[in-house]
Amino acid sequence: MHFFWNNDEIVWDFYYFCSANKELSLNHKTENMPRQSRKESGTGIYHVMIRGINHQKIFNDEEDYFQFIATLDRMRFRYDDEGAPCGSNCTYYAYCLMSNHLHLLIRERGETVGETIKRIAGSYVFYYNRKYGRDGHLFKDRFKSEPVNDMGYFTTLLRYIHQNPVKAKLVERVSDYAYSSWGEFDGTVEPVFQICDTTTVLKRIPFDELKEWVDEPLEDDVPCLEMEDTPRERPSDDQIMLLIKEHTGVTNSTAFQQLQDGIKRDVLKFLKSKGASYRQLERLTGVGRGLIQGL
C-alpha cells in the first residue's frame, strides 16, 4: 500500500481497502522508538501518544478536556501579526483524550510533529498549572510516536484510537464517549466545532462501513502504541494450556467446552488477565470470540 500526492491531498490506493483485505491492517509491526531520533514517516502522518508524568491525570473535569481540544484547534494554524490564520501547521485525522493520556493521528504541514506537540503541550500546561495552582511538568518528557505509511495501518489506528474508552470500560460504545473525534465523523459535533479532517477519510470510506469497522473490537495483540514503556509479554500457547490444565484438569479444547459454564467463564477471565489474546483463547479453548469478548 502506498500514498501518492495530488494537489496537496493524500489520495489512497483504495483497491486495498476492500472488505476482503481487512486483515492487512493487522500485519503492521511496531518498532521500539529510539531515544536519539524519531523514525520519520514517508507520508508525514504519525500516531502520537502523550501521557501524564508518572501516569498522573492530565484531565480532571470537563473544562480540562474541552480546553485541550481548543488548544489542538489553535495550534493547527499559523497566525500573522494581526492574529489572522495565515497557514497550516498540521492536520488532525483523529484524537481521543483519556484521563491520564491521549492519542492523536496527525499529519505534518508547516512544521514538524515535534514542534507542533511541543506547542500544544506548552499551552495546555500553562493553563493547567494556573488553574490548579501548581508548578513543574505535567507530561512525560518525551512523547511517543510512530510513522503511519500505509492505508491498512491508518484505518487500524482510526479503530484503535476511538476504541480506547471502550477498552477501558468507560463506555459501552465508541459513540458514547464525549472526548474523542468520533462525533466529528458521525455528525454529532457541529461543523463549526470540528478540528479533524474527516472529509479525506469519508470521501473514500463510506460512513456505514467505517462505523462497522470502528465498532468491531480490535484484537488485544494489534501492535499499536501502548501506555507502558515495555510491552506486556504475551503468554505462549503452551503456557496457556498449562494454566488451563492447572485450573481445570483438562488438556484439550473438546474437554474444555464440556466444563460447566461458570468454570469456563472464570478460567477465560483469568487467562485474559494473564495477557492471553482473544485469538489465542478462541483457538485453544474452542469458545467463540463473542463470548470471550463479553467477559
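**Pockets, cores and strands**

The residues that line the second largest pocket fall into three classes: 12 are nonpolar, five are polar and four are charged. The structure in which this pocket lies is a predicted model. The pocket has a volume of about 330 Å³. Its lining is made up of 21 residues, and the closest of them to the centre are Phe 66, Ile 69, Tyr 95, Val 189 and Phe 193. Two helices, H1 and H4, each contribute at least two residues to this lining.

Helix H1 spans residues 62-75 and helix H4 spans residues 182-186. Both helices also give two or more residues to the largest nonpolar core. That core has 57 residues. Strands E3 (45-51), E6 (90-97) and E7 (101-108) likewise give two or more residues to the core, as do helices H2 (113-132), H3 (151-167) and H6 (207-215). The largest share, eight residues, comes from H2.

Which residues have the most contacts inside the largest core? They are Tyr 92 and Leu 105. With neighbours within four places in sequence left aside, Tyr 92 is in contact with Leu 72, Met 75 and Arg 76, then with Leu 104, Leu 105 and Ile 106, then with Ile 120, and finally with Ile 195, Cys 196 and Asp 197. Tyr 92 and Leu 105, the two residues with the most contacts inside the core, are therefore in contact with each other, meaning that they have heavy atoms within 4.5 Å. A second core, separate from the one just described, has 16 residues, including Val 250, Leu 259, Tyr 278 and Val 287.

Helix H2 can also be followed through a residue that is not buried. Arg 119 is located in this helix. Is Arg 119 exposed or partly exposed? Its relative accessibility is 29%, so Arg 119 counts as partly exposed; the range for that class runs from 20% to 50%. Not counting residues up to four places away in sequence, Arg 119 touches Met 75, Asn 89 and Glu 111. Met 75 is also one of the contacts of Tyr 92. The C-alpha atoms of Arg 119 and Thr 71 are 9.2 Å apart, although 48 residues separate the two in sequence.

The next part to look at is a hairpin. Strand E4 (residues 77-79) and strand E5 (residues 85-88) are paired in the antiparallel sense, with three bridges between them. Arg 78 has Gly 87 of E5 as its bridge partner. Five residues lie between the two strands of the hairpin, and Gly 83 takes a positive phi near 85 degrees. Pro 85 belongs to strand E5. Its relative accessible area is 56%, which means that Pro 85 is exposed, as the cut-off for that class is over 50%. Pro 85 touches Phe 77, Arg 78 and Tyr 79, with residues up to four places away in sequence not counted. The C-alpha atom of Pro 85 is 9.4 Å from that of Arg 74, a residue 11 places away along the chain.

A further antiparallel pair consists of E3 and E8, which are joined by four bridges. Within this pair, Tyr 46 stands opposite Pro 147 in E8. Strand E8 covers residues 144-147. Are the residues on its two faces buried or exposed? On one side are Lys 144 and Glu 146, on the other are Ser 145 and Pro 147, and all of these are buried.

Strand E3 has a part in the largest cavity as well, giving three residues, the most of any element, to its lining. A search of the whole structure finds one cavity of 30 Å³ or more, and the largest cavity has a volume of about 40 Å³. Its lining consists of Met 49, Ile 50, Arg 51, Lys 140, Arg 142, Phe 143 and Lys 144. Three of these residues are nonpolar, none is polar and four are charged.

Two loop residues complete the tour. Asn 54 is in the loop between E3 and H1. Its phi is positive, near 55 degrees, and it is not a glycine. With a relative accessibility of 70%, Asn 54 counts as exposed. Lys 169 is in the loop between H3 and H4. This residue, again not a glycine, has a positive phi of about 65 degrees. Lys 169 counts as exposed because its relative accessibility is 68%.

Note on methods: Residues numbered from 1 in each chain as written. Predicted model: local features only at pLDDT ≥ 70, side-chain atom pairs only at ≥ 80, totals over all residues. Heavy atoms only, no water. Core = buried A, V, L, I, M, F, W, Y, C linked by side-chain atoms within 4.5 Å. Buried < 20%, exposed > 50% of the residue type's maximum accessible area, 1.4 Å probe, protein only. Pairing = 2+ DSSP bridges. 1 Å grid on protein atoms, 1.4 Å probe; cavity = no way out; pocket = protein on both sides within 12 Å on 5 of 7 lines; lining within 4 Å. Points joined across faces, edges and corners; volume = space filled by probe spheres on them. Nonpolar A, V, L, I, M, F, W, Y, C, P; charged D, E, K, R; others polar.
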